[in-house]
Amino acid sequence: MANRHLIGLVTDAQEQALLTELDARGVRYWKDEIPFGGLHDKRSRIFIFGCDIHRVADLLEKIRKMATAELTNTYRLDGCSRLLNPFQIL
């Protein structure tokens with residue numbers, strides 16, 4: 001049985017770009033949808049199988065940067081570049 005590696009938790013717009021790239025590289029994938037910020041805010045989880053994780057190493061860096069940018073726009077950063085929990089009681 002092959003191991004599955006989660007490579008992305010993406011929005012609809014990001015999903016299409018990622019799946020197009022995986023198809024172009026001939027990488028097999030599996031996806032599902034989960035509620036993220038509520039029932040009307042779904043995210044797709046994209047998994048790849050086995051050793052294909054090595055074939056997309058450069059793509060993983062792009063995904064990480066994209067996710068970091070999205071979090072930075074969502075949450076405020078403190079002086080130590082750590083994400084602050086917006087629900088934390090001060």
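**Entry 1: a starting pair**

I began in the middle of the sheet, where G8 stands opposite I46 in β3. Before going on, I noted that this is a predicted model, in which local features need pLDDT of at least 70, side-chain atom pairs count only at pLDDT 80 or more, and totals for chains, interfaces and linings use all residues. I also noted that residues are numbered from 1 along each chain as its sequence is written, and that side-chain values use heavy atoms, with hydrogens and water left out.

**Entry 2: the overall layout**

I looked up the elements next and found three helices and three strands. Both kinds are DSSP runs numbered from the N terminus: helices are H or I with at least four residues, strands are E with at least two. Read from the N terminus, the order is β-α-β-β-α-α.

**Entry 3: the sheet**

How are the strands ordered in the sheet? I found an open sheet of three strands, β1-β3-β2, with antiparallel pairing; two strands pair if DSSP finds at least two bridges between them. β1 and β2 (29-35) stand at the edges with a single partner strand each, so one side of each has no neighbour in the sheet. From one strand to the next the twist averages 25°, taken from axes that are lines fitted to C-alpha atoms, with angles from 0 to 180 degrees between N-to-C directions.

I then went through the bridges. β1 and β3 pair in the antiparallel sense over six of them, and β2 and β3 do so over seven. On the β2 side I wrote down three partners in β3: D32 has R45, E33 stands opposite S44, and P35 stands opposite K42. Six residues lie between the strands in the hairpin of β2 and β3, and there G38 takes a positive phi near 135°.

A reminder to myself: in a regular strand the side chains alternate between the two faces of the sheet.

**Entry 4: burial and the core**

I checked how much is covered. Of the 90 residues in the protein, 23% are buried, where buried means under 20% relative accessible area, exposed over 50%, and partly exposed in between (1.4 Å probe, protein chains only). β3 is mostly covered, with six of its eight residues buried. The protein exposes about 6,700 Å², and carbon and sulfur atoms supply 56% of that; the areas come from the Shrake-Rupley method with a 1.4 Å probe.

Which residues make up the largest nonpolar core? I listed twelve: I7, V10, L18, L19, L22, V27, I46, I48, I53, V56, L59 and I63. The term stands for buried Ala, Val, Leu, Ile, Met, Phe, Trp, Tyr and Cys residues joined through side-chain atoms within 4.5 Å. Two or more residues each come from β1 (4-10), α1 (12-25), β3 (42-49) and α3 (57-74). The largest share, three residues, is from α1.

I picked L22 for a closer look. Its neighbours within four places in sequence aside, L22 is in contact (heavy atoms within 4.5 Å) with I7, V27, Y29, I46, I48, V56 and L59. For the whole protein, residues 24 or more positions apart account for 55% of the contacts with a separation of 6 or more.

**Entry 5: the aromatic rings**

I searched for ring pairs among Phe, Tyr and Trp (its six-membered ring), with centres within 6.5 Å; planes under 30 degrees apart count as stacked, over 60 as edge-to-face and the rest as tilted. The count came to one aromatic pair. The rings of W30 and F47 have centres 5.1 Å apart and planes at 40°, so I logged the pair as tilted. W30 sits in strand β2 and F47 in strand β3, 17 residues apart. Is each ring residue buried or partly exposed? W30 is partly exposed at a relative accessible area of 35%, whereas F47 is buried at 12%.

**Entry 6: an acid under cover**

My last stop was D52, in helix α2 (residues 52-55). D52 is buried, with a relative accessible area of 15%. Apart from neighbours within four places in sequence, D52 is in contact with V27 and R28. I also checked D52 against Y29: they are 23 residues apart in sequence and 9.3 Å apart in space, C-alpha to C-alpha.
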